[in-house]
Amino acid sequence: MPEQPPSGRRERKKAATRQKIADTALRLFLERGYDAVGIRDVAAEADVAVTTVFSHFAAKEALVFERDADFERRLARAVTDRAPGAPLVPALRQEMHALVRHCLADEAAPVWRMIDASPALREYEGSMRLRHAETLAAALAAEPGAPRGATACRAVARFVVDAFALAREADDPRAAVDEIFRMVEAAWEAAEAGVPVRPAT
């Protein structure tokens, strides 16, 4: 379920400007190093005002994760937009496979090396994953027959979102996603059945 393109002329122009800024920033980051490039450098290279950059991206780190909102929406829509009667966990697993394939394409490798080398980007990625998990948890909680209480939905949502990072680090990302989602499915079934989660001893 990829992000739908904007329909109106104004929206298309705004989206094109945003994409130009993001593409320019990423090119500069990879050419010069993330820490060596400032927002003013990005604005000058993209031929826009600094305020325009900040109107599209709240922080420098957001320039690297420009598909952040799309990732968040796609996970939630895997739950809310699936066909009537379609099982929930397989729909999420299918979407996660698609996200992992996209983000592990050969051209993405330099970007992930840059992220892994930057404490600021790793911290931003962590906060981003927590936000995605909260959005997914809300979608799960709205499901008919969902577990009562927020804790189970939040726990399963975090497990799903963390599958992306775990798969990215695995030798066989596809097998890793399948393995993780077997555990996700077991956790969701236990939560639906009201099985209490006992703390580790």
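**Side-chain contacts in the predicted model**

Cys 153 is buried, at a relative accessible area of 1%. The model is a predicted one, and a second cysteine, Cys 103, is likewise classed as buried in it, with a relative accessible area of 17%. The search for disulfides gives a count of zero, since a pair of cysteine sulfur atoms would have to lie within 2.5 Å to qualify.

Charged pairs offer a good deal to look at. Across the whole structure, 12 salt bridges are found. One of them joins Arg 18 and Glu 66, whose closest N and O atoms are 3.4 Å apart. Arg 18 belongs to helix H1 (residues 9-32), whereas Glu 66 sits in the loop between helix H4 (60-64) and helix H5 (68-80), so this pair ties together parts that are 48 residues apart in sequence. The two partners fall into separate exposure classes: Arg 18 is partly exposed, at 27% relative accessible area, and Glu 66 is buried, at 18%.

A further salt bridge connects Arg 168 with Asp 116, and here the closest N and O atoms are 3.2 Å apart. Because Arg 168 is in helix H9 (residues 150-169) and Asp 116 in helix H7 (residues 109-117), the pair ties together parts that are 52 residues apart in sequence. In this case the arginine is the buried partner, with Arg 168 at 16% relative accessibility, while Asp 116 is partly exposed at 39%.

The salt bridge between Arg 129 and Glu 125 has an N to O distance of 3.6 Å. Both residues are found in helix H8 (residues 119-141), where they are four residues apart, or about one turn of the helix. Glu 125 is buried, its relative accessible area being 6%, and Arg 129 is partly exposed at 24%. Salt bridges also form a network that links Arg 27, Glu 31 and Glu 45.

Glu 45 appears again among the neighbours of Thr 24, which touches Val 42, Glu 45 and Ala 46 when residues up to four places away in sequence are not counted. Thr 24 is part of helix H1 and is buried, with a relative accessible area of 8%. An unreviewed UniProt entry carries the annotation "domain: HTH tetR-type" for residues 15-75. In the model, that span is 75% helix and 0% strand, and its end C-alpha atoms lie 21 Å apart.

Aromatic side chains add another set of contacts, with four aromatic pairs counted. In one of these, Phe 65 and Tyr 124 have ring centres 5.6 Å apart and planes at 20°, so the pair is stacked; the cut-off for stacking is an angle under 30 degrees. Phe 65 lies in the loop between H4 and H5 and Tyr 124 in helix H8, so the stacked pair ties together parts that are 59 residues apart in sequence. Phe 65 itself is buried, at 9% relative accessibility. Elsewhere, ring pairs join Phe 71, Trp 112 and Phe 164 in a cluster. An aromatic ring also meets a charged group at Tyr 34, where Lys 60 lies over the ring face at 4.1 Å from the ring centre.

How values were computed. Residues numbered from 1 in each chain as written. Predicted model: local features only at pLDDT ≥ 70, side-chain atom pairs only at ≥ 80, totals over all residues. Heavy atoms only, no water. Salt bridge = Lys/Arg side-chain N within 4 Å of Asp/Glu carboxyl O. Helix = DSSP H or I, 4+ residues; strand = E, 2+ residues; numbered from the N terminus. Buried < 20%, exposed > 50% of the residue type's maximum accessible area, 1.4 Å probe, protein only. UniProt positions renumbered as here; feature names shortened; annotations may be inferred. Contact = heavy atoms within 4.5 Å. Phe/Tyr/Trp six-rings, centres within 6.5 Å; stacked < 30°, edge-to-face > 60°. Lys NZ or Arg CZ within 6 Å of the ring centre and 35° of its normal.
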